[in-house]
Every structure is written in C-alpha cells, then in structure tokens.
Amino acid sequence: MSLIIDAQELNEESLNHDQLSDWDTFKQAYQLSQIKTNHKNDISCMQYLPNLTLMPHQLDAVKKVLHQMHGRAILADEVGLGKTIEAGVILKELMVKNLVKKVLILVPSSLIRQWETELQQTFYIPARAKHRSYPWQAYDIVVSSIDLAKKEPHSSEILNEEYDMLIIDEAHRLKNPKTRNYQFVSQIKSTYCLLLTATPIQNKIDEIYYLMSIVRPGLLGDKTSFKKTVRQERQNSDSQAIQTLVKQSMIRNRRSETTSEWTGREIETIHVDFTEEEFEFYQELEAINTPHSFTTLTLQREICSSREACYQSIKQSKWNDEVKKEWMSKIERLPHHAKALKTVEFVKSLNEKCIIFTEYKSTQIYLQWLLHQNGIFSVTYNGDFRKSKKEWMVQLFKNKAQVLIATDAGGEGLNLQFCHHMIHYDLPWNPMKLEQRIGRIHRFGQEKDVNIYYTVLNNTIDQRILNLLYNKLDLFKDVIGELDQILSSLGIQSLENEIEEIMYESQSEKEVSIKVDHLLSVISDSHVERDIANESS
Amino acid sequence: MNQAEIHEFLIDFFYKRKATIEYNEQGILKVKLTEELDKRLMNRPFYWQYVKKLGYQGDPMTVTFISDENKKEEKGEWIHYGSPRLEQLFQVIREEGQYTELYQSANSNKRQALHPWLICNLIVRYQGAYTHEEPVSIGVYLINGTMRFKMMDEIMNKDFLTTIPDFCYKIPPIISKNRAIKMINQELSDRIKTKSKTFEQESIELYEKEINMTNQLFQGRDEEDGTLKQNIEQQIQDRLYPKVHLNLVNYGVFYMTEQHSKELMSIS
C-alpha cells in the first residue's frame, strides 16, 4: 500500500488553451490561488463568512469533527446551541477544501425551507430544495425530507447516486433499525456524514448503537458484544468503555457547560382565580365517577385551559348521550374563561411580542378569537399546518402580529429568537417539553433576557402541578435534556402518565407530594446511562 | 484581500475589461457592463438569445456594487469577501489567467536574445489523515531542462509584454512544453514521495484501523451484506487513504533575457 498521486490535470489532453493571458491577469490568478491555500488543522472557510462569529463551543465542535473525526460524526448538542451552524461550517469547510461537491441533506419537511435559506444566506452554499420536476442527480446540493426520499422512485434514484456528504437533521428519527427510514439511510452512499440530534438517546442505550452504525460502523462492535459491554457497565459504574468510544465520533455540548454567556431567564408566575361559577363546575368534575380512571384529571386539566377544550373532549367521549348533553349544556352556561381574560389583559400590558403555548387546539382558537376581540393581532401555529403556512405564520409574527399562539406539535426547529416573552398558558407535565418550548426563544442569537410566565389557576390542578413539579425543577435541571432516556431506563413510559397515576392512586395530597418527590430524586440520581450520552468537553 | 480593498479591485477589474464606470465614490461603484461581461456575470442567457435572434444590439446591464459597510443601505449589490459575486469575478480571472506566452521587456537598443522558460504554478493537495495544501511554482529552462522552484517569487516584480519587444528575437525551445510538464510531474512526484512519509504512514494506519473495524463487524455475516460492506469500505478509502492531487493553477511560456536566465539557473 502506498500513496496515490493524481496528476490528471497535467495530462496533455487537459492542457489546451488558445486564449493568451496578459501578465497582470496571470499574476492575479496566481495570487488568488495563494489566498485560497488551506493549511493543516486550519478552518479556512471562516474568511469567506465575515458575518458569522462562532461561539467557542461551536468552533471546537467544527474542529473536532474535521480533524479528529475526519468528517463523520453525530452532532448532539442540546437544543438551541447551534447544531445547524456547526453543520453549515463543516460543510462549507469541506467544500472550500474541494473535498465535497455532491450533498444530500435530509430534514423534517417543516425545516426544508429554513435549511435552504440558512445555507444560502449565512453560508453562501447554493443549496436547493428538491422540486418534483427535476431528478435527484440534477442537484449538487439538495435539501429534502426522509419521508419523500424513502419512497419510490426517489429512493432508488438516491441509492444510485454517490454523495460526498450526507446530513440528517433530527436524526433521532433513525433510532430503530427495523424502520424503513433507517434501512434507507444506511444504504445511502456518502463519503462524509453528519447526524444532528439533540437527543441521541431517547429511550434505550441501543439507540446510540444504531446511530453510530450509520456514522462509524463497527466502532461499538457488533450487537452482541455491545450489549455485553452495556451490561458490564451497569454493574461497574467506574467503567466508561462505551462513553469513551462514543466520544470518538459524537459531539455533545450542554448548555450548562458552554463558556459563552447566555442571556438570563426570568420566571414569573401569574396567579388567577376562577370565577365562582367556574370553580363550582370544576368541583363538579372532581366528583364525577367514571369507569375510566383518568378522565377526571384530564377534564380538569382541560377546563383549566378553556371551556372549549373540555367541551370537545366531552363531546368525543364514550359517555351516553344524555350525560353528555347535560355536561355540555353546563359548559355552555359558563362565562368567559378567567385565565384567558387575565392572559389577554397581560398581553395588552406587555405590549411586546410574545408567544403563548397551549396544549389544546380548541384553546388556541379561543385565545385567538379573544385577542382579536381586544384588538390584538395574533397568529396560530400547529403541527397540522402545511410547510408553507407555517413559514407564513412565522413571517407574519415577525413582521406584523404581536402574538404567536402555538401548540407543542410542530415546534421542532422553530427559531423565534427575535421574541423574548413566552407564556405557558397550560403547564406541560413533562419538563422536557417545557425546555423544548423555551429553547425556541432562548437560543443562540437571543440578545435579551428571556421572560417566562406561567399562568396558574389557584386551587386547581394547575397549582398542584406547579407545587409538585415546577417548584422543584431546579433539583434536576442538569438532567432535563436526557429526561426521557432516564425515565425509560427506570421503566417509565411517560412522566405525565406517571404523575397522573400517582395523583389517582394516592389518598391524600401529602402522599402525592411524597411520591412525586421520590420520583424526582430517583431521576436526578440516575446517572449511568446519562453519563454515556453526556460526552462533551 | 480585505473589505476595504474590494473597491479598488472592482475598479481594476472592470476598467481592464472595458466596462464603463458611471459612478465612483469610496465603497460605491456603478458600472455599465460590456456585452461579454453581462453574458458572463448576469446569468440571463435567454435575453441574449432573443436579442440576437431579433437582430438587435442588446443592452448590457448597469450594476452598482457596494463594498463599504456604512453604505450598505444604499441601493445596489452588497459585495464582500466570500460572496458569490466576488467568487464569480475571481473565477473570471482564474480562467483568463490560465495560460500565457510573454516576453520580458528589455529597454535597450542592442539586439538581444530572449530565452524560453516554462513556468507552471500548482497547488499540491494532500488528503488523508488530514488535508493540507502547498503552493508550488516551478520553472523549466526549455533549452537544457534546468528546473527551479519558487519561480513566481523571482519574476513577480519584472515586466512582461504580450508582444516581443523591439530589437529582440526569441530562441526556439529545444524541449517541448509537454515534455517539460512531464518532467515537472516526475520531479514533483519523487519529491512528494520522499517528503511525505509520515503523512502516508499516519493515513494508512488510520485507514487500516477503520477497515479492520469493518471486517470485524461483518465477520460471520451472510453474503447479502456484501454491498453494504463495500459502501463502507469505499467511504473509508475516499476519506482516509493517502492521496495527493496536483492541481494546476496556471502555466505559460516566458521568454527572458539571457542575463536573467543565467541568474535563475545559478540559484536553483
């Protein structure tokens, strides 16, 4: 084995030039080639990106991926630390170095446009979204979604191509090797490869194995030996075999560890009282005896959000028609929702752009209507919207509307750092959801302190959750990014259900409180799996 | 080139290519392009196709380039280092400056001979464990094959003309251009091979480590995983196997005075 020297450009055939240059142009062409020269261990593309300043952890990540991982890696920074920027710089650098020409970028369909514009405007990379009229091979740098790409005839076209680089955003969608997504991606031919995900491990440690098999097959050995190592690791917490290996091809920066200064986070709780009628109705709900155990809690949570949310869910329930009618007419008699009124009043006094998050679509529509009645222009945003509508809504919010009312679905990758107020109209029972919401505005590029508001109805389930969970968030703020994975290692499907169950089964408020406390302390102590995922440096 | 130098660069560029400069203040330059520049830069082939079909002259565009950060708000195209537009202009220069035949200007009334040299500028690109680029400028004396490096540095400050100066005549080359380029290729390859042992070793170690990892992974697996394994091996080969590319920047035949030729040969 030895060095390959490629001197094709010095062949007679390629040396035909009829146009003669003058001395000045000849010199200039020579000088241009001198500026472009790259040196070992340099990031030379930065000179072409004068408007971009990388944060230290980003520069570090770029250098590591290029120089130590040789261009194949998992970028697993926490939400809002700028994974896309890192990927963009890595791509740019490989292009400047002439190593990469043909690029395939697969992202969730809601993010296609965003990737396209970001690559073009920030990095001057001529990326194009895939258009149905052109074949895949017509593109040098193409952005599309896995969902489209994996279908025929696209998939065979793509698998016939030889890409220089493959980038996959939200790569945690590839954690299951049995899915078509995974099988398709693992067949794509590409020299360099970046997988982006904020949650490299969501449920099981195996997931990192499969992600790594795309990036660096064999690094973690075969499946059996990997499982064996995991088992050994569980018994012996000093052993860090897997962590050390994973570190070789994964970058994970955590918000708490990044050296740069983050803008502050102010949290404020806005307390609201139900009107008497509403509270009466709330208590009636508490007293219902239904065969299904959690309905009461669900309905209570809904009525704490809006009459509409509760109405919808009763309408769709399996109760018999008479009972349904009775409850529905009760709801119809209720006045405007106290929390909604308070929120509108607050938004008015704020007089700045803000985002309202709710769990229910009915509430979303109700709030928009109520804001409109009060002369406040708002737009909605949810997972059902088509790509173009989502973009339009964000544009409207940026330029015209004061308020964006969003549900949790469809919020992935949404960048709203031009706004620094966020109201959690309903409190999610999973703190990770909360973190993801806040990450929409408290991210790279936010210049102001971020204000977070919880609206809470006194003496209701809202307040209970606030006391049970929110006031203890500090306890496990370090593990919030990996909450899901910790939970599943404890055999808990979802924190939400777990808490509901605790509330349902407990005899007294005291008991609920103790049980939740125990749960939280188990979570914050759990560390084995967490450490493996927490590579960073 | 920094942002402040772009303005001067643009003036030079367009002046030289016969565009009309309509307005010029520091950081703002308004130019009326020539037909050739318009075709080259403005990306509107259909316009030119129709215009020609209809037998019209065609009207090249006027463009305003803004290179001063403080004047970004003015109407025009913001141009900066790294912008596609500037890259496009660089590309024009690179293409135009690819090949030449030039004569050293000699201001004397004596009859004198000009001696032929081939000058070849290259970028040697190492790719493997790391990527590294090295500019090389080589001259070959086309009479006896003497070769010397760092050639551009030697002639950077001399004057060269596109036509042969008065009272001068050229000595015809004995070694052909192609032959000289082969010599360069040979010499460079030899030097690279001896010089880059560590790079080669480092890369091959890395390459073998990854290949072994793959082999282990596929040990005892069925044939059907064959293509997957091939893809992986290809990817590792492309990324890590040590390769050196010789990329040509530009080259040309330079006729130089006898004295200068002698100087160049003595310090090889």
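Select helix α7 of chain B and colour its buried residues (under 20% relative accessible area with a 1.4 Å probe, protein chains only): F199(B), E200(B), S203(B), I204(B), Y207(B), E210(B), I211(B), M213(B), T214(B), L217(B) and F218(B). The model is predicted, so local features need pLDDT of at least 70 and side-chain atom pairs pLDDT 80 or more, while totals for chains, interfaces and linings use all residues. Residues are numbered from 1 along each chain, chains are lettered from A, and side-chain values use heavy atoms, without hydrogens and water.

Helices (H or I, at least four residues) and strands (E, at least two) are DSSP runs numbered from the N terminus. Next, show the surroundings of α7(B): its buried residues pack against α8 (206-215) of chain A, and against β6 (112-127), α8 (226-240) and β11 (243-257) of chain B. Contact means heavy atoms within 4.5 Å.

Now mark the two end C-alpha atoms of α7(B), residues 197-218. They are 31 Å apart, which agrees with the 32 Å expected for 22 residues at 1.5 Å a residue; the expected span is 1.5 Å times one less than the number of residues. After the helix comes G220(B), with a positive phi near 75°.

Move to chain A and select its open sheet of 7 strands, ordered β4-β5-β3-β6-β7-β2-β8 with parallel pairing. Strands pair if DSSP finds at least two bridges between them. The edge strands, β4 (128-129) and β8 (250-251) of chain A, each pair on one side only.

Finally, select I74(A), whose bridge partner in β8(A) is M250(A). Strands β2 (residues 72-75) and β8 of chain A pair in the parallel sense over 2 bridges.

Note on methods
Buried < 20%, exposed > 50% of the residue type's maximum accessible area, 1.4 Å probe, protein only.
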